[in-house]
Amino acid sequence: MRERQAAQQARRAREFQAFVAGAAGRLLHAATLLTGEAPDANPRARALLTRSLAATYASWDRLRGEDPYERARTHLAVRYARGAWRHRGRGGPLARLSPVERLVLVLRLYEGVAEEQTAALLGLPLERVRTVSARAVAAVLHPPRGPAPAAPPALGEATSP
């Protein structure tokens, strides 16, 4: 009996390791976009991914034909949403977006999750997902302009020290 359990646990571990080898890079990139961190300095994204993968591993035997990537992505999104108020962007490409805008944008555009699925996952009305998505895309495509640079002094004008 113990040999059978040991064999099942070894098979489970191999399957999960193969899954992580194939999916961890994409999931880490999604987590990095969510946390708004720079790709080369993303400790919060790595912690978020680790917790999501741990939850996926804990439910591995109950997947029964379910897509493990979808389960891991769901864990990632839910864990991020629960603590989103703590996640301020720090130099990443989506850093200036709000946490909800980042979450919707990553799910919709990076992960390709349908609007209906995104709304159901986040517990938001469909129209809210559409509005947040449109606002986030507009903010990324048309970032606010900073103050205009100061004009150089004209020839012959004195400059103040």
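Glutamate 101 is buried, at a relative accessible area of 10%, where buried denotes under 20% relative accessible area, exposed over 50% and partly exposed the range in between (1.4 Å probe, protein chains only). The model is a predicted one, in which local features need pLDDT of at least 70 and side-chain atom pairs count only at pLDDT 80 or more, whereas totals for chains, interfaces and linings use all residues. Residues are numbered from 1 along each chain as its sequence is written, and side-chain values use heavy atoms, with hydrogens and water left out.

The side chain of glutamate 101 meets that of arginine 135 in a salt bridge, with an N to O distance of 2.7 Å; a salt bridge is a side-chain nitrogen of Lys or Arg within 4 Å of a carboxyl oxygen of Asp or Glu. This pair links distant parts of the chain, as arginine 135 belongs to helix 6 and glutamate 101 to helix 4, 34 residues apart. Helices (H or I, at least four residues) and strands (E, at least two) are DSSP runs, numbered from the N terminus. Unlike a buried residue, arginine 135 counts as partly exposed, at 38% relative accessibility.

Glutamate 101 is also the nearest side chain of opposite charge to arginine 102, at 7.5 Å; arginine 102 is buried yet has no salt bridge. For this purpose Lys and Arg count as positive and Asp and Glu as negative, while His and the chain ends are not counted. Arginine 102 lies in helix 4. Its side chain reaches the backbone oxygen of leucine 97 at 2.9 Å, and a polar atom of the same arginine 102 side chain lies 2.5 Å from the backbone oxygen of leucine 34. A polar contact is a pair of N or O atoms within 3.5 Å; within protein, one must be able to donate a hydrogen and the other to accept it, and residues adjacent in sequence count only if both atoms are side-chain atoms.

In total, the structure holds nine salt bridges. One of them joins glutamate 15 to arginine 11, with the closest N and O atoms 3.1 Å apart. These two residues are four residues apart in helix 1 and therefore separated by about one helical turn. Glutamate 15 is partly exposed, with a relative accessible area of 35%, and arginine 11 is partly exposed at 37%. Another salt bridge is formed by aspartate 61 and arginine 12 (3.6 Å, N to O). Because aspartate 61 lies in the loop between helix 2 and helix 3 and arginine 12 in helix 1, this pair ties together parts that are 49 residues apart in sequence. Aspartate 61 counts as partly exposed at 46% relative accessibility, whereas arginine 12 counts as buried at 17%.

The loop between helix 2 and helix 3 also contains arginine 64, a residue other than glycine whose phi is positive, near 45°. Most residues other than glycine have a negative phi. Arginine 64 counts as exposed, at 73% relative accessibility.

Four aromatic pairs are found in a search of the whole structure. Rings of Phe, Tyr and Trp (its six-membered ring) pair if their centres lie within 6.5 Å; planes under 30 degrees apart count as stacked, over 60 as edge-to-face and the rest as tilted. The rings of phenylalanine 16 and tryptophan 60 are edge-to-face, because their centres are 5.3 Å apart and their planes stand at 85°. Phenylalanine 16 is in helix 1 and tryptophan 60 in the loop between helix 2 and helix 3, 44 residues apart. Phenylalanine 16 and tryptophan 60 are buried. The rings of phenylalanine 19 and tryptophan 60, with centres 5.6 Å apart and planes at 45°, form a tilted pair. Phe16, Phe19, Tyr57 and Trp60 make up one aromatic cluster.

Phe19, Leu27 and Leu76 have the most contacts inside the largest nonpolar core, which has 28 residues. Such a core is a set of buried Ala, Val, Leu, Ile, Met, Phe, Trp, Tyr and Cys residues joined through side-chain atoms within 4.5 Å. At least two residues of this core come from each of helix 1 (2-35), helix 2 (43-58), helix 3 (68-82) and helix 4 (99-110). Helix 1 supplies the largest share, nine residues. Beyond its neighbours within four places in sequence, leucine 76 is in contact (heavy atoms within 4.5 Å) with Leu27, Ala30, Ala31, Leu34, Leu48, Leu49 and Ser52.
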